[in-house]
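Got the viewer open and the cartoon on? Let's walk through this one stop by stop, selecting as we go.

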Amino acid sequence: TVFCSLLNVTLRDWVAVESDSSDVLRRPDCHRMMDMTAEKLQAMGGKVELVDIGVQELPDGKTVALPKVVTAQFGNDPSKQTVCVYGHVDVQPAKLEDGWTTEPYNLTDINGNLYGRGASDNKAPVLAWIHTVEVYQALSIDLPVNVKFIIEGMEETGSNGLDAMIVAQRDTFFSDVDYIIISDCGWLSRRPALTYGTRGNCYFFAEVEGPKQDLHSGVYGGTVIEPMTDLIGILDTLISPSGKILIPGIREAVASLSDEEWKMYQDIEFDIESFKSKIGVSQLMYSNKVDLLAHRWRYPTVTIHGIEGGFSGPGSKTVIPAKVIAKFSIRQVPNMDPAVVKKQVTDYLNSVFAKRKSPNKLKVTMIIGAKPWLADTKHPLYEAGKAAVKRVFNVEPDLIREGGTIPIAKTFEDVTGKSIIMMPIGGFDDGLHSQNEKMSRLQIKLV
Ligand SMILES: CC(C)C[C@H](N)C(=O)NCC(=O)O
(Lines give C-alpha, C1' and ligand atoms only; values in the text may rest on other atoms or scores of the structure.)
Protein backbone atom coordinates (compact mmCIF):
# COMPACT_ATOMS: atom_id res chain seq x y z
CA THR A 1 0.00 0.00 0.00
CA VAL A 2 2.79 2.42 0.88
CA PHE A 3 4.46 1.66 -2.47
CA CYS A 4 1.23 2.09 -4.41
CA SER A 5 0.25 5.50 -3.08
CA LEU A 6 3.76 6.91 -3.36
CA LEU A 7 4.21 5.76 -6.94
CA ASN A 8 0.90 7.09 -8.13
CA VAL A 9 1.54 10.60 -6.94
CA THR A 10 5.12 10.98 -8.05
CA LEU A 11 4.94 9.19 -11.40
CA ARG A 12 2.16 11.60 -12.41
CA ASP A 13 4.38 14.59 -11.47
CA TRP A 14 7.33 13.16 -13.31
CA VAL A 15 5.44 12.26 -16.48
CA ALA A 16 4.04 15.82 -16.55
CA VAL A 17 7.54 17.13 -17.28
CA GLU A 18 8.31 17.11 -21.02
CA SER A 19 11.94 16.17 -20.49
CA ASP A 20 12.63 15.46 -24.17
CA SER A 21 16.42 15.39 -24.44
CA SER A 22 16.37 15.39 -28.25
CA ASP A 23 14.87 18.89 -28.47
CA VAL A 24 17.11 21.69 -27.20
CA LEU A 25 14.04 23.92 -26.79
CA ARG A 26 12.91 21.53 -24.05
CA ARG A 27 16.21 21.74 -22.21
CA PRO A 28 14.68 23.83 -19.36
CA ASP A 29 12.27 20.91 -18.73
CA CYS A 30 15.21 18.51 -18.65
CA HIS A 31 16.94 20.71 -16.06
CA ARG A 32 13.70 20.84 -14.00
CA MET A 33 13.39 17.06 -14.20
CA MET A 34 16.88 16.62 -12.76
CA ASP A 35 16.09 19.11 -9.98
CA MET A 36 12.88 17.22 -9.14
CA THR A 37 14.79 13.94 -9.04
CA ALA A 38 17.40 15.42 -6.70
CA GLU A 39 14.70 16.96 -4.48
CA LYS A 40 12.91 13.61 -4.18
CA LEU A 41 16.10 11.83 -3.11
CA GLN A 42 17.07 14.68 -0.79
CA ALA A 43 13.65 14.59 0.89
CA MET A 44 14.31 10.92 1.63
CA GLY A 45 17.52 11.84 3.46
CA GLY A 46 19.95 10.74 0.75
CA LYS A 47 23.37 12.27 0.29
CA VAL A 48 22.61 13.91 -3.04
CA GLU A 49 24.70 15.74 -5.61
CA LEU A 50 23.74 17.43 -8.86
CA VAL A 51 26.86 16.94 -10.95
CA ASP A 52 27.60 19.49 -13.67
CA ILE A 53 28.70 17.59 -16.80
CA GLY A 54 29.30 20.58 -19.05
CA VAL A 55 27.78 21.55 -22.36
CA GLN A 56 26.50 19.93 -25.51
CA GLU A 57 27.83 21.14 -28.82
CA LEU A 58 25.08 21.62 -31.41
CA PRO A 59 25.51 21.03 -35.17
CA ASP A 60 25.60 24.83 -35.77
CA GLY A 61 28.54 25.20 -33.36
CA LYS A 62 26.49 26.73 -30.53
CA THR A 63 26.49 25.11 -27.09
CA VAL A 64 23.79 24.35 -24.56
CA ALA A 65 24.13 23.15 -20.95
CA LEU A 66 23.69 19.42 -20.45
CA PRO A 67 21.21 18.32 -17.77
CA LYS A 68 23.13 17.70 -14.53
CA VAL A 69 23.55 14.10 -13.37
CA VAL A 70 21.99 13.20 -10.02
CA THR A 71 23.97 10.97 -7.67
CA ALA A 72 22.63 9.85 -4.31
CA GLN A 73 23.66 7.56 -1.51
CA PHE A 74 21.66 5.78 1.17
CA GLY A 75 23.81 4.09 3.80
CA ASN A 76 27.59 3.70 3.91
CA ASP A 77 27.99 0.66 6.16
CA PRO A 78 31.34 -0.91 5.16
CA SER A 79 30.09 -4.32 6.27
CA LYS A 80 27.37 -4.22 3.59
CA GLN A 81 27.57 -4.58 -0.19
CA THR A 82 26.88 -1.43 -2.21
CA VAL A 83 24.48 -1.59 -5.10
CA CYS A 84 24.29 1.27 -7.60
CA VAL A 85 21.07 1.80 -9.55
CA TYR A 86 21.37 3.58 -12.90
CA GLY A 87 18.39 5.09 -14.70
CA HIS A 88 17.30 8.09 -16.77
CA VAL A 89 14.48 10.59 -16.59
CA ASP A 90 14.66 12.08 -20.08
CA VAL A 91 12.21 10.93 -22.74
CA GLN A 92 11.64 10.69 -26.48
CA PRO A 93 9.40 13.28 -28.18
CA ALA A 94 5.60 12.77 -28.04
CA LYS A 95 2.63 14.78 -29.32
CA LEU A 96 -1.08 14.07 -29.11
CA GLU A 97 -1.31 14.49 -32.89
CA ASP A 98 1.20 11.65 -33.38
CA GLY A 99 -1.80 9.39 -32.66
CA TRP A 100 -1.88 9.18 -28.87
CA THR A 101 -5.31 8.47 -27.44
CA THR A 102 -4.49 10.38 -24.24
CA GLU A 103 -2.36 13.47 -23.57
CA PRO A 104 1.21 12.11 -23.50
CA TYR A 105 2.26 14.26 -20.54
CA ASN A 106 -0.85 13.63 -18.45
CA LEU A 107 -0.53 10.22 -16.79
CA THR A 108 -3.82 8.44 -17.45
CA ASP A 109 -4.91 5.21 -15.79
CA ILE A 110 -7.02 3.04 -18.10
CA ASN A 111 -7.80 -0.43 -16.79
CA GLY A 112 -4.64 -0.54 -14.73
CA ASN A 113 -2.38 0.72 -17.52
CA LEU A 114 -0.67 4.02 -16.76
CA TYR A 115 -0.31 5.86 -20.08
CA GLY A 116 2.20 8.66 -20.55
CA ARG A 117 5.49 9.44 -22.28
CA GLY A 118 8.34 8.05 -20.20
CA ALA A 119 6.02 5.92 -18.03
CA SER A 120 7.97 2.78 -18.91
CA ASP A 121 11.10 4.34 -20.42
CA ASN A 122 12.31 5.02 -17.75
CA LYS A 123 10.45 7.08 -15.14
CA ALA A 124 8.40 4.35 -13.40
CA PRO A 125 11.34 1.92 -13.20
CA VAL A 126 13.54 4.65 -11.67
CA LEU A 127 10.78 5.47 -9.20
CA ALA A 128 10.28 1.79 -8.43
CA TRP A 129 13.88 1.64 -7.17
CA ILE A 130 13.58 4.94 -5.30
CA HIS A 131 10.36 3.77 -3.69
CA THR A 132 11.97 0.50 -2.70
CA VAL A 133 14.33 2.50 -0.49
CA GLU A 134 11.42 4.64 0.67
CA VAL A 135 9.38 1.60 1.68
CA TYR A 136 12.26 0.28 3.83
CA GLN A 137 12.42 3.71 5.46
CA ALA A 138 8.65 3.91 5.97
CA LEU A 139 8.64 0.50 7.62
CA SER A 140 11.77 1.29 9.69
CA ILE A 141 13.63 -1.69 8.27
CA ASP A 142 17.39 -1.40 7.78
CA LEU A 143 18.42 -1.60 4.12
CA PRO A 144 20.26 -4.90 3.62
CA VAL A 145 22.72 -3.13 1.27
CA ASN A 146 24.03 0.41 0.80
CA VAL A 147 22.19 1.90 -2.17
CA LYS A 148 23.55 4.47 -4.61
CA PHE A 149 21.73 6.08 -7.51
CA ILE A 150 23.07 7.62 -10.69
CA ILE A 151 20.31 9.20 -12.73
CA GLU A 152 20.85 11.09 -15.95
CA GLY A 153 18.87 13.20 -18.40
CA MET A 154 20.45 12.47 -21.81
CA GLU A 155 20.11 8.70 -22.24
CA GLU A 156 17.73 8.89 -25.19
CA THR A 157 20.25 10.88 -27.19
CA GLY A 158 23.40 8.96 -26.39
CA SER A 159 24.22 9.87 -22.76
CA ASN A 160 26.24 12.88 -23.82
CA GLY A 161 28.74 13.85 -21.09
CA LEU A 162 28.16 10.82 -18.87
CA ASP A 163 31.23 8.81 -19.93
CA ALA A 164 33.55 11.61 -18.79
CA MET A 165 31.68 11.96 -15.49
CA ILE A 166 32.04 8.24 -14.78
CA VAL A 167 35.75 8.37 -15.55
CA ALA A 168 36.09 11.41 -13.26
CA GLN A 169 34.24 9.70 -10.39
CA ARG A 170 35.75 6.24 -10.77
CA ASP A 171 37.78 6.56 -7.57
CA THR A 172 35.18 8.54 -5.62
CA PHE A 173 31.47 7.79 -6.16
CA PHE A 174 32.15 4.41 -7.77
CA SER A 175 35.01 3.29 -5.53
CA ASP A 176 32.82 1.29 -3.11
CA VAL A 177 30.16 0.18 -5.60
CA ASP A 178 29.97 -3.62 -5.86
CA TYR A 179 27.26 -4.05 -8.52
CA ILE A 180 25.28 -1.95 -10.94
CA ILE A 181 21.58 -2.55 -11.61
CA ILE A 182 19.74 -1.19 -14.62
CA SER A 183 15.98 -1.47 -15.20
CA ASP A 184 15.78 0.37 -18.51
CA CYS A 185 14.39 -2.42 -20.65
CA GLY A 186 11.35 -4.70 -20.92
CA TRP A 187 10.24 -8.32 -20.70
CA LEU A 188 9.94 -10.25 -23.94
CA SER A 189 6.59 -11.84 -23.15
CA ARG A 190 4.33 -12.21 -20.13
CA ARG A 191 7.14 -14.12 -18.49
CA PRO A 192 9.57 -12.15 -16.28
CA ALA A 193 13.04 -11.78 -17.71
CA LEU A 194 16.63 -10.84 -16.97
CA THR A 195 18.53 -9.05 -19.73
CA TYR A 196 22.15 -9.91 -20.50
CA GLY A 197 22.87 -7.88 -23.62
CA THR A 198 22.02 -4.64 -25.39
CA ARG A 199 22.84 -3.51 -28.91
CA GLY A 200 24.89 -0.38 -29.46
CA ASN A 201 23.83 2.49 -31.67
CA CYS A 202 25.66 4.59 -34.24
CA TYR A 203 23.38 7.47 -35.25
CA PHE A 204 24.15 9.41 -38.43
CA PHE A 205 23.14 12.60 -40.19
CA ALA A 206 23.68 12.60 -43.98
CA GLU A 207 23.26 16.11 -45.36
CA VAL A 208 22.97 16.91 -49.07
CA GLU A 209 23.09 20.57 -50.01
CA GLY A 210 22.45 21.99 -53.46
CA PRO A 211 20.93 25.31 -54.61
CA LYS A 212 21.20 28.32 -52.34
CA GLN A 213 17.44 28.24 -51.60
CA ASP A 214 14.31 26.13 -52.11
CA LEU A 215 12.99 26.24 -55.68
CA HIS A 216 9.63 25.92 -57.50
CA SER A 217 9.57 22.38 -58.90
CA GLY A 218 7.64 23.47 -62.01
CA VAL A 219 9.93 26.36 -62.84
CA TYR A 220 13.23 24.65 -62.01
CA GLY A 221 12.42 20.90 -62.06
CA GLY A 222 14.35 19.17 -64.85
CA THR A 223 17.18 21.69 -64.77
CA VAL A 224 18.54 21.16 -61.28
CA ILE A 225 20.20 18.06 -59.80
CA GLU A 226 17.98 17.73 -56.76
CA PRO A 227 19.45 17.13 -53.28
CA MET A 228 16.50 14.94 -52.26
CA THR A 229 16.99 12.63 -55.27
CA ASP A 230 20.67 12.29 -54.39
CA LEU A 231 19.85 11.60 -50.77
CA ILE A 232 17.19 8.96 -51.47
CA GLY A 233 19.58 7.36 -53.97
CA ILE A 234 22.38 6.95 -51.44
CA LEU A 235 20.05 5.89 -48.61
CA ASP A 236 18.76 3.10 -50.82
CA THR A 237 22.25 1.61 -50.93
CA LEU A 238 22.46 1.06 -47.15
CA ILE A 239 20.28 -2.02 -46.78
CA SER A 240 18.55 -4.48 -49.13
CA PRO A 241 14.79 -5.13 -49.02
CA SER A 242 15.50 -8.43 -47.26
CA GLY A 243 17.46 -6.67 -44.49
CA LYS A 244 21.02 -7.34 -45.70
CA ILE A 245 23.33 -4.49 -44.71
CA LEU A 246 25.21 -3.43 -47.84
CA ILE A 247 27.96 -1.35 -46.20
CA PRO A 248 31.25 -3.25 -46.69
CA GLY A 249 32.80 -4.63 -43.51
CA ILE A 250 29.77 -4.39 -41.23
CA ARG A 251 28.49 -7.96 -41.43
CA GLU A 252 32.01 -9.42 -41.31
CA ALA A 253 32.60 -7.98 -37.80
CA VAL A 254 29.62 -9.71 -36.18
CA ALA A 255 30.34 -12.52 -33.69
CA SER A 256 28.86 -15.76 -34.98
CA LEU A 257 25.87 -17.41 -33.31
CA SER A 258 27.05 -20.31 -31.15
CA ASP A 259 25.18 -23.61 -30.75
CA GLU A 260 24.64 -22.76 -27.08
CA GLU A 261 23.05 -19.44 -28.01
CA TRP A 262 20.87 -21.08 -30.64
CA LYS A 263 19.63 -23.53 -28.01
CA MET A 264 18.92 -20.68 -25.54
CA TYR A 265 16.85 -18.83 -28.12
CA GLN A 266 15.02 -22.03 -28.97
CA ASP A 267 13.92 -22.43 -25.33
CA ILE A 268 12.67 -18.84 -24.91
CA GLU A 269 8.95 -18.19 -24.69
CA PHE A 270 8.09 -16.04 -27.73
CA ASP A 271 4.92 -16.26 -29.75
CA ILE A 272 5.42 -15.01 -33.31
CA GLU A 273 1.70 -14.59 -34.04
CA SER A 274 1.07 -12.42 -30.99
CA PHE A 275 4.22 -10.39 -31.76
CA LYS A 276 2.85 -9.76 -35.27
CA SER A 277 -0.55 -8.78 -33.99
CA LYS A 278 0.92 -6.52 -31.28
CA ILE A 279 2.78 -4.42 -33.87
CA GLY A 280 0.12 -4.79 -36.57
CA VAL A 281 2.03 -6.47 -39.39
CA SER A 282 1.11 -9.47 -41.52
CA GLN A 283 4.66 -10.55 -42.32
CA LEU A 284 8.05 -10.33 -40.62
CA MET A 285 11.59 -10.51 -42.00
CA TYR A 286 11.93 -14.09 -40.70
CA SER A 287 9.33 -16.72 -39.95
CA ASN A 288 11.07 -18.75 -37.25
CA LYS A 289 11.68 -17.82 -33.63
CA VAL A 290 15.46 -18.22 -33.51
CA ASP A 291 16.06 -16.06 -36.59
CA LEU A 292 13.67 -13.41 -35.33
CA LEU A 293 15.21 -13.21 -31.87
CA ALA A 294 18.73 -13.27 -33.26
CA HIS A 295 17.96 -10.41 -35.66
CA ARG A 296 16.25 -8.45 -32.92
CA TRP A 297 19.08 -8.82 -30.42
CA ARG A 298 22.44 -9.90 -31.79
CA TYR A 299 22.70 -8.90 -35.44
CA PRO A 300 23.11 -5.31 -36.63
CA THR A 301 20.41 -3.43 -38.47
CA VAL A 302 19.99 -0.15 -40.33
CA THR A 303 16.94 2.06 -39.72
CA ILE A 304 16.15 5.25 -41.65
CA HIS A 305 14.30 7.50 -39.22
CA GLY A 306 13.42 10.58 -41.24
CA ILE A 307 14.52 13.44 -43.46
CA GLU A 308 14.82 16.99 -42.18
CA GLY A 309 14.29 19.76 -44.69
CA GLY A 310 12.04 17.83 -47.04
CA PHE A 311 8.38 18.78 -47.23
CA SER A 312 6.45 16.71 -44.70
CA GLY A 313 3.40 18.74 -43.70
CA PRO A 314 -0.18 18.18 -44.79
CA GLY A 315 -1.12 19.47 -48.26
CA SER A 316 0.93 19.40 -51.44
CA LYS A 317 3.72 21.96 -51.53
CA THR A 318 5.57 21.76 -54.87
CA VAL A 319 9.08 22.54 -53.78
CA ILE A 320 12.60 21.40 -54.53
CA PRO A 321 14.22 21.44 -51.07
CA ALA A 322 17.66 23.04 -51.22
CA LYS A 323 19.12 21.10 -48.31
CA VAL A 324 17.97 17.79 -46.84
CA ILE A 325 19.35 15.84 -43.90
CA ALA A 326 18.64 12.14 -43.49
CA LYS A 327 18.70 10.63 -40.00
CA PHE A 328 19.58 6.95 -39.83
CA SER A 329 21.11 4.62 -37.31
CA ILE A 330 22.92 1.32 -37.16
CA ARG A 331 22.27 -0.86 -34.13
CA GLN A 332 25.53 -2.66 -33.58
CA VAL A 333 26.60 -5.78 -31.74
CA PRO A 334 29.79 -7.53 -30.55
CA ASN A 335 32.41 -7.32 -32.13
CA MET A 336 31.57 -4.10 -33.94
CA ASP A 337 33.20 -0.85 -32.88
CA PRO A 338 31.51 2.55 -33.32
CA ALA A 339 34.74 4.23 -34.47
CA VAL A 340 35.16 1.64 -37.21
CA VAL A 341 31.46 1.82 -38.16
CA LYS A 342 31.77 5.60 -38.50
CA LYS A 343 34.59 5.22 -41.02
CA GLN A 344 32.89 2.37 -42.90
CA VAL A 345 29.65 4.33 -43.29
CA THR A 346 31.32 7.63 -44.19
CA ASP A 347 33.66 6.08 -46.75
CA TYR A 348 30.85 4.01 -48.28
CA LEU A 349 28.37 6.88 -48.62
CA ASN A 350 31.07 9.16 -50.05
CA SER A 351 31.99 6.56 -52.65
CA VAL A 352 28.35 5.87 -53.60
CA PHE A 353 27.70 9.61 -53.82
CA ALA A 354 30.82 10.17 -55.95
CA LYS A 355 29.47 7.70 -58.53
CA ARG A 356 26.40 9.92 -58.99
CA LYS A 357 28.70 12.72 -60.22
CA SER A 358 26.42 15.22 -58.51
CA PRO A 359 27.49 18.85 -58.02
CA ASN A 360 25.71 18.84 -54.64
CA LYS A 361 27.64 18.54 -51.37
CA LEU A 362 27.36 15.52 -49.06
CA LYS A 363 28.31 15.73 -45.39
CA VAL A 364 28.10 12.62 -43.16
CA THR A 365 28.31 13.00 -39.36
CA MET A 366 27.95 10.43 -36.61
CA ILE A 367 26.25 12.04 -33.61
CA ILE A 368 25.92 9.00 -31.33
CA GLY A 369 28.46 6.19 -31.07
CA ALA A 370 27.18 3.92 -28.29
CA LYS A 371 28.74 0.50 -27.78
CA PRO A 372 26.92 -2.82 -27.35
CA TRP A 373 27.03 -4.58 -23.96
CA LEU A 374 27.00 -8.28 -23.12
CA ALA A 375 27.05 -9.94 -19.68
CA ASP A 376 28.09 -13.36 -18.49
CA THR A 377 24.86 -15.05 -17.41
CA LYS A 378 26.89 -17.43 -15.21
CA HIS A 379 27.90 -14.50 -12.95
CA PRO A 380 26.53 -14.76 -9.37
CA LEU A 381 24.56 -11.54 -10.02
CA TYR A 382 22.39 -13.45 -12.48
CA GLU A 383 21.91 -16.27 -9.96
CA ALA A 384 20.73 -13.63 -7.45
CA GLY A 385 18.49 -12.07 -10.10
CA LYS A 386 16.94 -15.43 -10.93
CA ALA A 387 16.27 -16.11 -7.24
CA ALA A 388 14.66 -12.66 -6.82
CA VAL A 389 12.36 -13.19 -9.81
CA LYS A 390 11.44 -16.67 -8.58
CA ARG A 391 10.60 -15.25 -5.16
CA VAL A 392 8.38 -12.45 -6.48
CA PHE A 393 6.73 -14.09 -9.49
CA ASN A 394 7.18 -17.76 -8.66
CA VAL A 395 8.63 -18.57 -12.12
CA GLU A 396 12.10 -18.84 -13.61
CA PRO A 397 12.92 -15.74 -15.70
CA ASP A 398 13.75 -15.90 -19.39
CA LEU A 399 17.32 -14.83 -20.08
CA ILE A 400 16.98 -12.37 -22.92
CA ARG A 401 18.87 -9.70 -24.84
CA GLU A 402 17.61 -6.26 -25.78
CA GLY A 403 17.69 -4.82 -29.28
CA GLY A 404 17.76 -1.25 -27.95
CA THR A 405 20.72 0.59 -26.54
CA ILE A 406 21.75 1.72 -23.08
CA PRO A 407 24.72 3.81 -24.15
CA ILE A 408 26.45 3.90 -20.78
CA ALA A 409 26.31 0.17 -19.95
CA LYS A 410 29.62 -0.77 -21.56
CA THR A 411 31.37 2.31 -20.11
CA PHE A 412 30.20 1.44 -16.60
CA GLU A 413 31.77 -1.96 -16.95
CA ASP A 414 34.97 -0.83 -18.67
CA VAL A 415 35.68 2.15 -16.41
CA THR A 416 34.53 0.90 -13.01
CA GLY A 417 35.31 -2.78 -13.51
CA LYS A 418 31.97 -3.59 -11.80
CA SER A 419 29.44 -6.09 -13.07
CA ILE A 420 26.00 -5.10 -14.29
CA ILE A 421 22.67 -6.85 -14.18
CA MET A 422 19.71 -5.61 -16.17
CA MET A 423 16.41 -6.40 -14.46
CA PRO A 424 13.58 -5.28 -16.73
CA ILE A 425 10.50 -3.86 -15.06
CA GLY A 426 8.67 -2.77 -18.24
CA GLY A 427 6.23 -5.04 -20.06
CA PHE A 428 6.62 -6.53 -23.55
CA ASP A 429 3.91 -4.23 -24.97
CA ASP A 430 4.74 -0.90 -23.29
CA GLY A 431 5.20 1.01 -26.56
CA LEU A 432 8.57 2.64 -25.80
CA HIS A 433 9.28 5.60 -28.11
CA SER A 434 5.87 4.98 -29.68
CA GLN A 435 2.29 6.23 -29.30
CA ASN A 436 0.46 5.30 -26.07
CA GLU A 437 3.51 4.32 -24.05
CA LYS A 438 2.42 2.81 -20.75
CA MET A 439 3.46 1.08 -17.57
CA SER A 440 1.07 -1.58 -16.36
CA ARG A 441 0.19 -1.73 -12.67
CA LEU A 442 0.38 -5.52 -13.00
CA GLN A 443 4.00 -5.20 -14.05
CA ILE A 444 4.95 -3.33 -10.89
CA LYS A 445 2.62 -5.36 -8.72
CA LEU A 446 0.35 -2.39 -8.03
CA VAL A 447 -2.93 -4.25 -8.28
C1 LIG B 1 14.79 -0.67 -24.76
C2 LIG B 1 15.88 0.37 -24.61
C3 LIG B 1 17.13 -0.29 -24.10
C4 LIG B 1 15.40 1.47 -23.71
C5 LIG B 1 16.33 2.68 -23.66
N6 LIG B 1 15.86 3.65 -22.72
C7 LIG B 1 16.40 3.36 -24.98
O8 LIG B 1 15.39 3.66 -25.60
N9 LIG B 1 17.60 3.70 -25.42
C10 LIG B 1 17.83 4.44 -26.62
C11 LIG B 1 17.65 3.61 -27.83
O12 LIG B 1 17.43 4.20 -28.91
O13 LIG B 1 17.73 2.37 -27.78
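## Starting in a loop

Begin with Ser 140, which sits in the loop that runs between α3 and β8 (146–152). Check its backbone: phi of Ser 140 is near 50°, a positive value in a residue that isn't glycine. Keep in mind throughout that you are looking at a predicted model.

## Back along α3

Now select helix α3, residues 119–138. Asn 122 has its place in this helix, and the peptide bond joining Asp 121 to Asn 122 is cis, with omega at about 15°. Leave Asp 121 highlighted, since Asp 121 comes back at the ligand.

Next, bring up the sheet beside the helix. Three strands make an open sheet in the order β6-β7-β20, paired antiparallel. The edge strands are β6 (108–110) and β20 (438–440), each pairing on one side only. From one strand to the next, the twist averages 25°.

Zoom in on β7 (residues 113–115), which is joined to β20 by 3 antiparallel bridges. To find one of the partners, click Asn 113 and look across to Ser 440 in β20. With both strands still selected, show α3 again: α3 packs on this sheet, touching β7 and β20, and the helix direction makes about 50° with that of β20.

## The ligand

Which residues surround the ligand? Select His 88, Asp 121, Glu 155, Glu 156, Asp 184, Arg 331, Glu 402, Gly 404, Thr 405, Ile 406, Leu 432 and His 433. Colour that shell by type and you get 2 nonpolar, 4 polar and 6 charged residues.

Three distances deserve a label in the viewer:

- His 88: a polar side-chain atom lies 3.2 Å from a nitrogen atom of the ligand.
- Asp 121: a polar side-chain atom lies 2.7 Å from a nitrogen atom of the ligand.
- Arg 331: a polar side-chain atom lies 2.8 Å from an oxygen atom of the ligand.

Switch on a surface here. On its own the ligand has 360 Å² of accessible area, and the protein covers 91% of that.

## A run of parallel strands

Stay with His 88 for a moment: the residue closes strand β5, which spans residues 82–88. β5 is joined to strand β9 (residues 179–182) by 4 bridges, and the two run parallel. Pick Cys 84 and its bridge partner in β9 is Ile 180.

Step onward from β9 to strand β19, residues 419–422. This pairing is in the parallel sense as well, over 4 bridges. Here Ile 181 is the residue to click, with Ile 421 as its bridge partner in β19.

## The four-stranded sheet

Arg 331 leads to the next stop, since it falls within β15 (323–332). Select β13, β15, β11 and β16: in the order β13-β15-β11-β16, these 4 strands form an open sheet with antiparallel pairing. β13 (301–308) and β16 (361–370) have a single partner strand each, so one side of each edge strand is left without a neighbour in the sheet. Ignoring direction, neighbouring strands are turned by 20° against each other on average.

How many bridges join β11 to β16? There are 9 between β11 (residues 200–209) and β16, which run antiparallel. For one pair, take Asn 201, whose bridge partner in β16 is Ala 370.

Now add the helices that pack on this sheet:

- α6 (residues 227–235) touches β11, β13, β15 and β16, and its direction makes about 15° with that of β15.
- α10 (residues 338–355) touches β11, β15 and β16, and its direction makes about 165° with that of β16.

## Last stop

Finish in the loop between β15 and α10, where you'll find Asn 335. Turn on the backbone atoms: Pro 334 and Asn 335 are joined by a cis peptide bond, with omega at about 5°.

Terms used
Residues numbered from 1 in each chain as written. Predicted model: local features only at pLDDT ≥ 70, side-chain atom pairs only at ≥ 80, totals over all residues. Heavy atoms only, no water. Pairing = 2+ DSSP bridges. Axes fitted to C-alpha atoms, helices over the stretch in contact; angles between N-to-C directions. Contact = heavy atoms within 4.5 Å. Near = heavy atom within 4 Å. Polar contact = N/O pair within 3.5 Å; in protein donor to acceptor, adjacent residues only side chain to side chain. Areas by Shrake-Rupley, 256 points an atom, 1.4 Å probe, with all protein chains shown as cover. Nonpolar A, V, L, I, M, F, W, Y, C, P; charged D, E, K, R; others polar.
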